[in-house]
Amino acid sequence: RDTIKKMLKQAYGNGFWNLIILKKNNAKLSIRHMIPFCFVLFLIITTLLGIAWRPIWVLEAAVLIMYFALAIFASLRKTKNIGRVMKMPFLFFALHIAYGSGSIVGLFKTKY
């Protein structure tokens with residue numbers, strides 16, 4: 001997409017409709033379609049559990065550090081331009097959050 005807003009809107013829609021299709025048609029999705037859903041669900045659950053038991057935030061922080069380290073590694077494989085390498089992990093994160101959020105909403109949507 002030519003703008004970040006359009007990219008995130010498309011990612012949200014893809015996540016949303018993948019779960020709708022999965023529920024309606026018992027279709028098979030590859031594991032890669034479920035990873036953003038699980039990632040966002042993990043972040044929600046660990047954030048909420050961390051309110052009651054703060055050590056869980058260490059796990060959440062470790063996962064986020066690993067996520068961003070892998071995102072930097074993936075960025076470096078695509079380009080050596082340091083400006084782009086610094087932006088791409090945040091774009092990946094926004095993309096995965098949008099896709100996973102769309103999946104969660106699609107899972108609980110009852111009318112189509």
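**R32, helix 2 and the largest pocket**

R32 is exposed, because its relative accessible area is 59% and the cut-off for exposed is over 50%. The model described here is a predicted one.

R32 belongs to helix 2, which covers residues 31-52. Its place relative to another part of the chain can be given by a distance: between the C-alpha atoms of R32 and L76 there are 21 Å, and the two residues lie 44 positions apart along the chain.

Helix 2 also takes part in the interior of the model. The largest nonpolar core consists of five residues, namely L19, M34, F37, V40 and I104. Of the elements that contribute to this core, helix 2 gives the most, with three residues. One member of the core, M34, has contacts with L19 and L29 when residues up to four places away in sequence are left out. L19 is itself a member of the core.

The next feature is the largest pocket, with a space of about 240 Å³. R32 is one of the residues that line this pocket. The lining also includes H33, I35 and P36, together with R1, M7, Q10, A11, N14, L95, H96 and Y99. Two or more lining residues come from each of helix 1 (4-25), helix 2 and helix 4 (82-108). Sorted by class, the lining holds six nonpolar residues, four polar ones and two charged ones.

Helix 2 therefore appears in both settings, since it gives three residues to the largest nonpolar core and two or more to the lining of the largest pocket, where a residue counts as lining if an atom lies within 4 Å of a pocket point.

How values were computed. Residues are numbered from 1 along each chain as its sequence is written. This is a predicted model: local features need pLDDT of at least 70, side-chain atom pairs count only at pLDDT 80 or more; totals for chains, interfaces and linings use all residues. Side-chain values use heavy atoms; hydrogens and water are left out. Helices (H or I, at least four residues) and strands (E, at least two) are DSSP runs, numbered from the N terminus. Buried means under 20% relative accessible area, exposed over 50%, partly exposed in between (1.4 Å probe, protein chains only). A nonpolar core is a set of buried Ala, Val, Leu, Ile, Met, Phe, Trp, Tyr and Cys residues joined through side-chain atoms within 4.5 Å. Contact means heavy atoms within 4.5 Å. On a 1 Å grid over the protein atoms alone, a cavity is a set of points where a 1.4 Å probe fits but cannot get out, and a pocket is an open set with protein on both sides within 12 Å along at least five of seven lines; lining residues have an atom within 4 Å of a point. Grid points are joined across faces, edges and corners, and a volume is the space filled by probe spheres set on the points. Ala, Val, Leu, Ile, Met, Phe, Trp, Tyr, Cys and Pro count as nonpolar, Asp, Glu, Lys and Arg as charged, and the others, Gly among them, as polar.
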